[in-house]
Amino acid sequence: MACVLEAPLRMSVLSEVTASSRHYVDRLFDLDPQKVLQGVIDMKNAVIGNNKQKANLIVLGAVPRLLYLLQQETSSTELRTECAVVLGSLAMGTENNVKSLLDCHIIPALLQGLLSPDLKFIEACLRCLRTIFISPVTPEDLLYTDATVISHLMALLSRSRYTQEYICQIFSHCCKLQHWHSCGFKSLPQPLLCANGPDHQTILFNHGAVQNIAHLLVSTSYKVRMQALKCFSVLAFENPQVSMTLVNVLVDGELLPQIFVKMLQRDKPIEMQLTSAKCLTSMCRAGAIRTDDSCIVLKLDHDLKHAHELRQAAFKLYASLGANDEDIRKKIIETENMMDRIVNGLSESSIKVRLAAVRCLHSLSRSVQQLRTSFQDHAVWKPLMKVLQNAPNEVLVVASSTLCNLLLEFSPSKEPILESGAIELLCSLTQSENLALRVNGIWALMNVAFQAEQKIKSDILRGLSTEQLFQLLSDSDVNVLMKTLGLLRNLLSTRPHIDHIMSTHGKQIMQAVTLILEGEHNIEVKEQTLCILANIADGTTAKELIMTNDDILQKIKYYMSHSNVKLQLAAMFCISNLIWNGEEGSQERQDKLRDMGIVDILHKLSQSSDPNLCDKAKTALQQYLA
């Protein structure tokens, strides 16, 4: 019934939302040009920061009308400019918004608008084009459908700092190294690009990009300087022709490499330092600059510490950005060559860079999707295992935390890591004097043991030894104790495994359980310990270790009447597993527990105000009645 009633309610809300947006679109068709202009201005104000409103207006058909008004020569320049502004705002919404704009052939309309003599209108069109082209759903080769477009954009670079900023940003996002093919838009002219045709770098270079953009590197506007620098970083990337040309370009009496070096200085924003370093790196790789060139030696050899600081800062930044946001982690990993850079960072000579690279990897390893894909594609576990073999404690702590994530059950890296001897390494970490390493070692083993084969579980117990297991269970740190109990709980799962482990280590495990239940521990520790008992009680032969231990049975009885519901529930699981009908010896176990007064406690718990406890008690009582 609830589902039937929900549908019309949703339709009603949608109708109200659509109705509230429709009047904006209706005003675009008014016969009075001034009312149309005011309608577009009101629409502009309504969509700012409102993705729902943007989506509604697109659904209601605002885009074709806005494009019509933008292209009409009878429309006032002010109206055309406001239309471009609104379209740019719509493009700043979701990727679906951009797809809708592309479907309406917005790019040819905006490119046509660039032929206008009015600067404000041109800037509005460029701003909208910039927003569309930086979207990942926009094919870059749409910029190259007409040979005259690039030439005209080059000419517009001199008009204002805004045209410079937007055009450079468009170029840097639409400059790819590989060859491209026609994207198949039948309504557009035949693209410049075809199979085996010139790539984007070559087209921009041949249209004078280097000469037209170089002077923007000394612009008074930081945004212009930064976008121009980004242009050169993509133009020079793996392109000897561009790199060799850049060496000899003069700007205000200075060679471009010297300007790039100045942009590496510490007082410059980190983004500028990293991008200028990219430019110099591309020039070095192309042979345009010798690695012993005075300017390179000065900044990248003599000031190697600074280069390390840059890489360290970059890794730290990415680690911080990706710490808690899955979308950002995805964008970081999809950045070109990013995983390779991180992997290389793991073997850096500088400890600080290595540490920052591991922190970055740890941050990205929180993504389930990336653990299953990128981490496996790049075999990240191999260099990580090398780091764990020989590194200072501060690096080992972060590296072992990362390894914990790579050993989760769904990680494809888990099997090869185990084959490389991880269990022995992790067991040794549990003996470390460093608390964080002990926690990570036992945590990783807990992940390894989850739903593991019996051989893996036996390897863990053999690697730890009974003595070390007791040491961990008596550790003064509650995190170590909880993770060790978690490991035991994972080891003691599935009946054959429970029976096998308890047949070899039962005496020691029962001693440890007794000590913890008698000790001064918090609720969580005792709950976890009772859950371990519940697992043992689920074994076929292992449950006899509980039934023959009156001390343990009295403790279970005590916790059934405890004031804390969590402990009561955990104790109830033990009892349920011990008395379950249909299992060999169940009648004898039921009789013994009845003689202890367990049934009386079950009757009391069946009246509990806690629904879970009440249900579990009633279920247990049914075993006696069956």
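This is a short walk through a predicted model, from its confidence values to one helix pair and the cores.

Let's begin with how far the prediction can be trusted along the chain. The mean pLDDT of the protein chain is 86, and 91% of its residues reach 70 or more. Two stretches are worth marking before you look further. Residues 1–16 stay under 50 in pLDDT, and the model gives them zero contacts beyond four places in sequence. Residues 178–197 also have pLDDT below 50, but that stretch has 39 contacts in the model beyond near neighbours in sequence.

Now turn to helix α27, which spans residues 422–429. How many of the eight residues of α27 are buried? Six are, so to speak of α27 as mostly covered is fair. The buried ones are A422, I423, L425, L426, C427 and L429. Their cover includes α24 (381–389), α25 (393–406), α26 (414–419), α28 and α29 (454–473).

Among those covering helices, α28 deserves a look of its own. Two packed helices are described by the angle between their axes and the distance between the axes. Here the axes of α27 and α28 (residues 435–449) come within 7 Å and cross at roughly 145°. The crossing of α27 past α28 is left-handed. On the α27 side, the contact is made by I423, L426, C427 and L429, while α28 brings L437, R438, G441, A444, L445 and V448. Sorted by class, this contact has eight nonpolar residues, one polar and one charged.

From here you can follow I423 and C427 of α27 to I460, which touches both of them. Residues up to four places away in sequence aside, I460 also touches L445, V448, A449, L487 and L491. In soluble globular proteins, nonpolar side chains tend to be buried together. The largest nonpolar core of this model has 111 residues, and I460, L533, I536, I546 and L593 are the ones that touch the most other members. There is also a second, separate core of 96 residues, with A62, L70, I132 and F232 among its members.

Finally, step to L406, a residue of helix α25. Is L406 buried or exposed? L406 counts as buried because its relative accessible area is 0%, against a cut-off of under 20%. Outside its neighbours within four places in sequence, L406 is in contact with S365, L371, F375, W381, L384, S411, S413, K414 and I417. V380 gives a handy distance to check in your viewer: L406 and V380 are 26 residues apart in sequence, and their C-alpha atoms are 9.3 Å apart in space.

Technical notes. Residues numbered from 1 in each chain as written. Predicted model: local features only at pLDDT ≥ 70, side-chain atom pairs only at ≥ 80, totals over all residues. Heavy atoms only, no water. Axes fitted to C-alpha atoms, helices over the stretch in contact; angles between N-to-C directions. Helix = DSSP H or I, 4+ residues; strand = E, 2+ residues; numbered from the N terminus. Left-handed = near helix turned anticlockwise from the far one by under 90°. Contact = heavy atoms within 4.5 Å. Nonpolar A, V, L, I, M, F, W, Y, C, P; charged D, E, K, R; others polar. Core = buried A, V, L, I, M, F, W, Y, C linked by side-chain atoms within 4.5 Å. Buried < 20%, exposed > 50% of the residue type's maximum accessible area, 1.4 Å probe, protein only. pLDDT = per-residue confidence, 0-100.
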